[in-house]
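Please open the model in your viewer and keep the selection panel at hand. The stops below go from one region to the next, each with something to select and something to look for.

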Amino acid sequence: MTIGSYKQFCPVAMAAEILCTRWTVVLLRELIAGSTRFNELRRGVPRMSPALLSRRLKELEVAGIVTRESGSERGVFEYQLTAAGRELGPIVEAFGLWGQRRIDSHLSLQHLDVQLLMWDMRRNLNTTPMPKQRSVVQFSYPELPPTQRSWWLIVDPKESVDLCSIDPGFDVDLYVSVDLRTMTAIWMGLDTVRAAIANRRMMLTGNRQLATAMQSWLGLSPFAKEQKLAS
């Protein structure tokens with residue numbers, strides 16, 4: 001048992017001792033979403049210190065929820081969910097569904113994080129309606145400091161979607177100028193690209209095909225379609 005043990009034999013209490021420590025459920029969200037390497041996990045939990053991330057991974061390993069294995073690159077380790085870890089998928093999904101339904105959107109939108117937003121957009125982007133060749137989309141958030149203002153999504157439908165916070169040097173196919181709150185609301189399913197353009201909160205410049213289909217290729221939250229029940 002941990003120092004903060006509930007000292008109850010109840011399975012709910014015993015599970016809570018493992019799963020309800022700070023950042024653990026959020027870390028599980030990243031593992032379930034497919035992140036396996038330490039640096040990938042850090043991008044999904046940017047406000048979590050590397051030391052705490054390492055500690056939580058070791059705790060999950062001891063609990064039999066993840067395994068640490070040598071990756072394809074020398075000296076790089078990967079964290080894989082065990083069968084016990086994969087069983088937590090519906091539980092983490094239920095957390096997200098409840099949060100989407102029951103947490104007031106104004107409260108959610110007080111916690112803006114451009115790095116996390118862009119990482120999630122990269123992960124969920126739908127390449128199907130995009131051109132068959134490589135596409136580069138630059139997002140600009142004018143109100144943010146220069147170091148956080150510009151982000152590039154590099155989309156190769158046959159290979160991968162990469163995210164850069166430093167200019168990769170490719171020609172840009174579509175420029176997106178938008179404020180962070182609007183983009184976050186769109187990602188969460190609380191707003192739409194069409195409404196943001198109509199209200200001049202978003203400006204699209206460049207490839208017409210990419211601009212027209214943006215709502216369909218944009219990587220939205222997996223909970224975006226869930227109806228809000230909170231007042």
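This is a predicted model, and the tour begins at one pair of residues: select Ser140 and then Ser177, its bridge partner in strand 6. One residue back, Phe139 has a bridge partner in strand 6 as well, namely Val176, while in strand 4 the bridge partner of Phe139 is Trp151. With these residues shown as sticks, the two sides of strand 3 can be followed in turn.

**The sheet around strand 3**

Colour strand 3 (135–140) and strand 6 (174–178), which run parallel and are joined by four bridges. Then add strand 4 (150–155), which runs antiparallel to strand 3 and is joined to it by six bridges. Widening the selection to the whole open sheet gives five strands in the order 5-4-3-6-7, with mixed pairing. At its edges are strand 5 and strand 7 (202–206), each of which pairs on one side only. If you compare the directions of neighbouring strands in this sheet, the turn between them averages 15 degrees, direction ignored.

How much of strand 3 is buried? Five of its six residues are, so that the strand is mostly covered by the cut-off of under 20% relative accessible area. Select Gln138, which belongs to strand 3 and which, at a relative accessible area of 14%, counts as buried. Leaving aside residues up to four places away in sequence, Gln138 touches Ser150, Trp151, Trp152, Val172, Leu174, Tyr175 and Val176.

**Helix 10 against the sheet**

Next, select helix 10 (180–187), which packs on the sheet and touches strand 3, strand 6 and strand 7. The direction of helix 10 makes about 105 degrees with that of strand 6. Seven of the eight residues of helix 10 are buried, so the helix is mostly covered; the buried ones are Leu180, Thr182, Met183, Thr184, Ala185, Ile186 and Trp187. To see what covers them, display helix 8, strand 3, strand 6, helix 11 and strand 7, which are included in that cover.

**The nonpolar cores**

Now show the side chains of Met118, Phe139, Tyr141, Met183, Met202, Trp217 and Leu218, the residues with the most contacts inside the largest nonpolar core, which has 34 residues. At least two residues of this core come from each of several elements, including helix 8 (114–124), strand 5 (161–164), helix 11 (193–198) and helix 13 (214–217). Another core lies apart from it, with 17 residues, among them Leu19, Leu27, Ile65 and Leu88.

Returning to the largest core, centre the view on Met118 and ask which residues it touches, not counting those up to four places away in sequence. They are Phe139, Tyr141, Trp151, Leu153 and Leu163.

**The largest pocket**

Switch to a surface display and look for the largest pocket, whose volume is about 1,500 Å³. It is lined by 42 residues, and those lying nearest its centre are Val26, Arg29, Leu116, Trp187 and Phe223. Two or more lining residues come from each of helix 2 (24–32), helix 6 (89–102), helix 7 (105–108), helix 8 and helix 10. Which helix gives the most to this lining? Helix 6 does, with nine residues.

**The hairpin of strand 1 and strand 2**

Move to strand 1 (residues 66–70) and strand 2 (residues 77–81), which run antiparallel and are joined by five bridges. Within this pair, select Glu69 and, standing opposite in strand 2, Glu78. Six residues lie between the strands of the hairpin, where Gly75 takes a positive phi near 80 degrees.

**Two residues with positive phi**

The last stops are two residues other than glycine. Select Lys7, in the segment before helix 1 (11–19); phi of Lys7 is near 55 degrees, a positive value. Is Lys7 buried or exposed? With a relative accessible area of 70%, Lys7 is exposed. Finally, go to Arg200, in the loop between helix 11 and strand 7, where phi is positive at about 60 degrees although the residue is not a glycine. Arg200 has a relative accessibility of 76% and therefore counts as exposed, the cut-off being over 50%.

How values were computed
Residues are numbered from 1 along each chain as its sequence is written. Side-chain values use heavy atoms; hydrogens and water are left out. A nonpolar core is a set of buried Ala, Val, Leu, Ile, Met, Phe, Trp, Tyr and Cys residues joined through side-chain atoms within 4.5 Å. Buried means under 20% relative accessible area, exposed over 50%, partly exposed in between (1.4 Å probe, protein chains only). Contact means heavy atoms within 4.5 Å. Two strands pair if DSSP finds at least two bridges between them. Axes are lines fitted to C-alpha atoms, for helices over the stretch in contact, and angles run from 0 to 180 degrees between N-to-C directions. On a 1 Å grid over the protein atoms alone, a cavity is a set of points where a 1.4 Å probe fits but cannot get out, and a pocket is an open set with protein on both sides within 12 Å along at least five of seven lines; lining residues have an atom within 4 Å of a point. Grid points are joined across faces, edges and corners, and a volume is the space filled by probe spheres set on the points.
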